[in-house]
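Student: I would like a close look at one part of this protein. Please start with how the helices pack, then move on to the sheet and the spaces in the fold.

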Amino acid sequence: FGVAARRLAMGKSSLAEAVKITNEMPVEAFKSIARRVIRRLGDRSQVSLLTASEEQQACSTLGLSSGELAASIELCAYVFEQAAYQMQRPEQLEQHLESSLALSSGHASAARQVWEAEATAYVARLREHHMLGQNILCDTTWTTQLCLAQSPSTETKSINESSTAIIDLSLTDEKNLHSGKAREHLVVESSHGELYDFFLKLQDIQRTIDDLSS
């Protein structure tokens, strides 16, 4: 698992599976894992959220496969990252975990206790490495490069699969947000298939945000 920067969304199916695995885990064991995870999140000196020996010990003690343990670790990271970016209070986090994610009351309470004890240090690490509010999307422009293919038997022309779209994402910071001045440009070239895959991922992210907001 990468520690410094992680994704902020999980697919609905993977999220549900991670919750199921976690709910079957002893509360104190989950609390211990959650505490270790949050203490390493945002720490650039760490290469993983649990060491190999810690993962091996947890799998052996809890009777989990490496994939099941990884799912629970990912859930912990996801929960705390969301809480940091939304600046959730401990009681808000506990309520959200129970009502929206269907985490058991015991596990939700354990997560709240860990968040209550570790949130200040975790958020400070995020701010130190400029992960909160570092880049803000201020504009998007795009162009297309079309390649036309003509059937030898007809005069019909169609768009060739090698056609691409070039997307320019203009990024700025809070200081320059209202001026519209871009601090950085991120240019991405994508084929039709790549854009469609990205569109499907955006839909998953939107559904996750909708679930969190409901």
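Student: At what angle do helix 5 and helix 6 pack, and how far apart are their axes?

Tutor: Keep in mind that this is a predicted model. Helix 5 covers residues 90-99, and helix 6 covers residues 105-128. The two pack at an angle of about 155°. Their axes are 8 Å apart. An angle over 145 degrees counts as roughly antiparallel. That makes helix 5 roughly antiparallel to helix 6. Their crossing is right-handed.

Now take another helix pair. Helix 2 spans residues 27-40. It packs against helix 4 at an angle of about 60°. Here the axes are 9 Å apart. Helix 2 and helix 4 are therefore oblique to each other. Helix 2 passes helix 4 in a right-handed crossing.

Next comes the cavity. A search of the whole structure finds one cavity of 30 Å³ or more. About 40 Å³ of space lies in the largest cavity. Its lining consists of Phe 30, Leu 75, Cys 76, Val 79, Phe 80, Leu 97, Leu 103 and Ala 111. Helix 4, residues 66-85, supplies the largest share of that lining, with four residues. By class, the lining has eight nonpolar residues. It has no polar and no charged residues.

Turn to the sheet. It is open and has three strands, in the order 1-4-5, with antiparallel pairing. Strand 1 (136-145) and strand 5 (184-191) stand at the edges. Each has a single partner strand, so one side of each is left without a neighbour in the sheet. On average, neighbouring strands are turned by 20° against each other, direction ignored.

The pairings can be followed strand by strand. Strands of a sheet pair through backbone hydrogen bonds, either parallel or antiparallel. Strand 1 and strand 4 pair in the antiparallel sense over nine bridges. One contact to look for is Asp 139, whose bridge partner in strand 4 is Ser 170. Strand 4, residues 164-172, is joined to strand 5 by eight bridges. These two strands also run antiparallel. Thr 164 stands opposite Ser 191 in strand 5. Leu 169 has Leu 186 as its bridge partner in strand 5.

That last pair leads to a pocket. Leu 169 and Leu 186 are both among the residues that line the second largest pocket. This pocket has a volume of about 270 Å³. Others in its lining are Leu 137, Ile 167, Leu 171, Val 188 and Ser 190. Glu 194, Leu 195, Phe 198 and Leu 202 line the pocket too. Strand 4, strand 5 and helix 7 (192-213) are the elements that give two or more residues to the lining. Helix 7 gives the most, with four residues. The lining divides into nine nonpolar residues, one polar and one charged.

Put the two spaces side by side. Helix 4 gives the largest share of the cavity lining. Helix 7 gives the most to the lining of the second largest pocket. The cavity lining has no charged residues, whereas the lining of the second largest pocket has one.

Technical notes. Residues numbered from 1 in each chain as written. Predicted model: local features only at pLDDT ≥ 70, side-chain atom pairs only at ≥ 80, totals over all residues. Heavy atoms only, no water. 1 Å grid on protein atoms, 1.4 Å probe; cavity = no way out; pocket = protein on both sides within 12 Å on 5 of 7 lines; lining within 4 Å. Points joined across faces, edges and corners; volume = space filled by probe spheres on them. Nonpolar A, V, L, I, M, F, W, Y, C, P; charged D, E, K, R; others polar. Pairing = 2+ DSSP bridges. Axes fitted to C-alpha atoms, helices over the stretch in contact; angles between N-to-C directions. Parallel < 35°, antiparallel > 145°, perpendicular 65-115°, else oblique. Left-handed = near helix turned anticlockwise from the far one by under 90°.
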